[in-house]
Structures are given as C-alpha cells and as structure tokens.
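Subject: Structure handover

Hello,

Here is the structure I promised you. Please open it beside this email. My notes follow underneath.

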Amino acid sequence: MVILLKKLLNKRRKFYIKIILFLSLFCILCIPSQVNAYNYENISQIEYLEDGSYIETTIFVSNDYARSQKTASKIARYNSSTGVQQWYVTVTGTFSYGNGSAKCISSSVKSGVYNNKWAISSKSASKSGATAIASATAKHSYDNTAYETKKLTVRLTCSSTGVLS
C-alpha cells in the first residue's frame, strides 16, 4: 500500500512539474519583451510670420527598430496671432537609408481645418531624392467672401544615417 501511495505521489509530482515547465515556457514565448513597440520622438519648431501668426511644425518619428528603413510624419499647423490653431498639412514619408545614401520611397499628404472659417482648396504630395513633400492651400472666408489664401509646403528629409529634418 505504501509503495502504491509513493507511485501515485510521484506521478502527481511529475504532472505538476510538467505544468510548471509548460507555463514557464508559455510566458517566455508569448509575453512580449518590448511592451511599447512604437516610441515616438517629437521634434518641434515655430516660425513666426510678419502678421503675428505662426507655423508650428512637428516631426513624429516611429522608432520601429528597422535598421535601413524609417517612416515618419511632419505636420505644419497654421496658428493665428492669438495662438489659435486654424488649419494643418501633414506629409508622411517612408525612407530607405544607409551606405552613404538615402531615398524617399513614398510620400502622402493629409490636411484639415480646426476653424470652419478656413477651407482646404487643394493639396498634393510628391517626393524628390531623400525628401517627401506635401503642399496645401487654404482659403479664409468671412460672410461667405474669401479674403485670404495661404499655402503651406512641408518637406521631410532623411539623411544617409536616418536622421529626419
């Protein structure tokens, strides 16, 4: 009887050890070691215009750990002289870089308004060498009369080492 009891305990012990090993292996393989796969690096600049309004540009770089390719966006926001955002244009580019050169693979544009007195009348995207380019034209109206037109062109350039500007 004692021998049977010992065999039963040994079987249970082996079973529990197998479960613990399986769960440990499952945790190692399934739980990601990098919790935040996409970190964003923000680079901002402000350009003041003669009328007191200003353009705020910000670059969002996705640190996706690719060694020779990078996707990033650069947004330019047109702000009134009182600091209220009016409208924006964003260029998104994908770049390949390394070995002393860089190239823009793709370029796209997105634009919109924050203030309904502005309307985007045209937008376009292009690429040239290692630069993604986007342009948008916005018209400002008052009492259904357009009295001001502004155009913003945003350029996002990648260096051969992957530095964006």
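A disulfide here is a pair of cysteine sulfur atoms within 2.5 Å. Keep that cut-off in mind for the cysteines below. One caution comes before them: this is a predicted model.

**Confidence**

The chain has a mean pLDDT of 82. Of its residues, 76% reach 70 or more. Treat residues 32-39 separately: pLDDT stays under 50 there. For that stretch the model has 10 contacts beyond four places in sequence.

**Cysteines**

How many disulfides does a search of the whole structure find? Zero. Why is Cys104 not bonded to Cys158? The sulfur of Cys158 is the closest cysteine sulfur to that of Cys104, but it lies 9.0 Å away, which is too far for a bond because a disulfide needs the two sulfurs within 2.5 Å. The view from the other side agrees: Cys158 is in no disulfide, and its nearest cysteine sulfur is that of Cys104, 9.0 Å away. Are these cysteines buried or exposed? Cys104 is buried, at 3% relative accessibility. Cys158 is buried too, with a relative accessible area of 4%.

**Nonpolar core**

The largest nonpolar core holds 22 residues. Which of them touch the most other members? They are Trp87, Val89, Phe95, Leu152, Leu156 and Leu164. Five elements are worth finding in the viewer, since each gives two or more residues to this core: strand 2 (54-62), strand 3 (69-79), strand 4 (85-98), strand 7 (131-142) and strand 8 (145-157). Strand 4 gives the most, with five residues.

Val89 is a good place to click. Leaving out residues up to four places away in sequence, Val89 touches Lys74, Ile75 and Ala76. Its list also takes in Val109, Lys110 and Ser111. Then come Ala134, Ser135 and Ala136, and finally Leu152 and Val154.

**Strand 4 and its partners**

Strand 4 is mostly covered, with 10 of its 14 residues buried. Two partners of strand 4 are described here.

- Strand 3 pairs with strand 4 in the antiparallel sense, over 11 bridges. Ala76 stands opposite Val89 in strand 4. These two strands form a hairpin with five residues between them. In that hairpin, Gly83 takes a positive phi near 90°.
- Strand 5 (residues 101-113) runs antiparallel to strand 4, and 12 bridges join the two. Ser96 stands opposite Lys103 in strand 5. Tyr88 stands opposite Gly112 in strand 5. This pair also forms a hairpin, with two residues between the strands. Asn99 in the turn has a positive phi of about 55°.

**Aromatic rings**

The count comes to five aromatic pairs. One of them is Tyr78 with Trp87. Their ring centres are 6.1 Å apart, with 35° between the planes, and the pair is tilted. Tyr78 is buried, at 5% relative accessibility. Trp87 is buried as well, at 0%.

Trp87 also pairs with Trp118. Those centres are 6.1 Å apart and the planes are at 35°, so this pair is tilted. Which parts of the chain does it link? Distant ones: Trp87 is in strand 4 and Trp118 is in strand 6 (residues 118-128), 31 residues apart. Both tryptophans, Trp87 and Trp118, are buried. Taken together, ring pairs link Tyr78, Trp87 and Trp118 into a cluster.

**Ser106**

Last stop: Ser106, which lies in strand 5. Ser106 counts as partly exposed, at 33% relative accessibility. What does Ser106 contact, leaving aside its neighbours within four places in sequence? Thr92, Gly93, Thr94, Lys127 and Ala132. Look at Ser126 as well. Ser106 and Ser126 are 20 residues apart along the chain, and their C-alpha atoms are separated by 8.2 Å.

**Where to start**

I would begin at Trp87. This residue is among those that touch the most other members of the largest core. Trp87 also belongs to the ring cluster with Tyr78 and Trp118. From there, move to Cys104 and Cys158, whose sulfurs are 9.0 Å apart.

Best wishes

Notes: Residues numbered from 1 in each chain as written. Predicted model: local features only at pLDDT ≥ 70, side-chain atom pairs only at ≥ 80, totals over all residues. Heavy atoms only, no water. pLDDT = per-residue confidence, 0-100. Contact = heavy atoms within 4.5 Å. Buried < 20%, exposed > 50% of the residue type's maximum accessible area, 1.4 Å probe, protein only. Core = buried A, V, L, I, M, F, W, Y, C linked by side-chain atoms within 4.5 Å. Helix = DSSP H or I, 4+ residues; strand = E, 2+ residues; numbered from the N terminus. Phe/Tyr/Trp six-rings, centres within 6.5 Å; stacked < 30°, edge-to-face > 60°. Pairing = 2+ DSSP bridges.
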